[in-house]
Amino acid sequence: MAKYFDVHPDNPQPRTIATVVDSIRSGALVAYPTDSCYALGCQLGNREGIGRIRSIRHLDDRHHFTLVCRDFAQLAQFVRVDNDVFRAVKAATPGSYTFILPATKEVPRQLMHPKKKTVGVRIPDHTVTQALVSELGEPLLSSTLLLPDEEEPLTQGWEIKERLDHEVDAVIDSGDCGTAPTTVIDFSGPEPEIVRRGAGDPSRFE
């Protein structure tokens, strides 16, 4: 059964956050809220966790996982960003955007798109998510909690606990979170491409 953590949305309890992060470091797969609905997350090198996310969401190897980062400095360790992209991404973060960019050697091979060698990155504007990645000290490997054959992502902690009780190790509930997935912008080509229109305003990239 998944452990259930009730976390204050504005002032996350440090002890609770530390407990969750300790479990992530020990291999746990967690469901956690962001500014754009819930996500599944595990530690960057957790191969079993990656497999469990693929299994829960029925994902193939072309799926772009996302590295949820604390800030731009951390993001820049894992993707290559030229000057134009730097300005565009910096202006849109933190926020409800995921950016697909060429991965650096810091990114495990199994997280990259097999042909493009790209990975998704984002910096969320959510207090609890920021507390998690700050305590972890590295990006949280994540994927939107959108179940197979369902059009809407899950947004309620109690429902996630009920439905995924035996498939995740922990559920973090901090009340309301975003209800739409991120807007996804692919910067790996010559021009930015809007892959998914979601919570972030895509007009700045058109």
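Two strands are taken to pair if DSSP finds at least two bridges between them, and helices (H or I, at least four residues) and strands (E, at least two) are DSSP runs, numbered from the N terminus. On that footing, strand 9 and strand 10 make a hairpin, with 6 residues between them. The model is a predicted one, in which local features need pLDDT of at least 70 and side-chain atom pairs count only at pLDDT 80 or more, while totals for chains, interfaces and linings use all residues. Residues are numbered from 1 along each chain as its sequence is written, and side-chain values use heavy atoms, with hydrogens and water left out.

Back to the hairpin. Its two strands pair in the antiparallel sense over 3 bridges, and I185 sits opposite I194 in strand 10. Strand 9 covers residues 183-186 and includes D186. This aspartate counts as buried because its relative accessibility is 6%; buried means under 20% relative accessible area, exposed over 50%, and partly exposed in between (1.4 Å probe, protein chains only). The side chain of D186 makes a polar contact of 2.5 Å with the side chain of S188. Such a contact is a pair of N or O atoms within 3.5 Å; within protein, one must be able to donate a hydrogen and the other to accept it, and residues adjacent in sequence count only if both atoms are side-chain atoms. Setting aside neighbours within four places in sequence, D186 also touches I100, K116, E191, P192, E193 and V195, where contact means heavy atoms within 4.5 Å.

Now for the sheet as a whole. It is an open one of 10 strands, ordered 1-8-2-3-7-4-6-5-9-10, with mixed pairing. Strand 1 (3-6) and strand 10 (193-196) are the edge strands, each pairing on one side only. On average, neighbouring strands of this sheet are turned by 35 degrees against each other, direction ignored. Axes here are lines fitted to C-alpha atoms, for helices over the stretch in contact, and angles run from 0 to 180 degrees between N-to-C directions.

Further along the order, strand 2 (residues 30-34) and strand 3 (residues 37-42) run antiparallel and are joined by 5 bridges. A31 faces L40 of strand 3 across this pairing. Helix 5 (residues 127-136) lies across strand 2, strand 4 (66-68), strand 7 (140-144) and strand 8 (170-173), running at about 125 degrees to strand 2.

Lastly, R47 belongs to helix 2 (residues 47-57) and counts as exposed because its relative accessibility is 61%. R47 and P108 are 61 residues apart in sequence, yet 9.6 Å apart in space, C-alpha to C-alpha.
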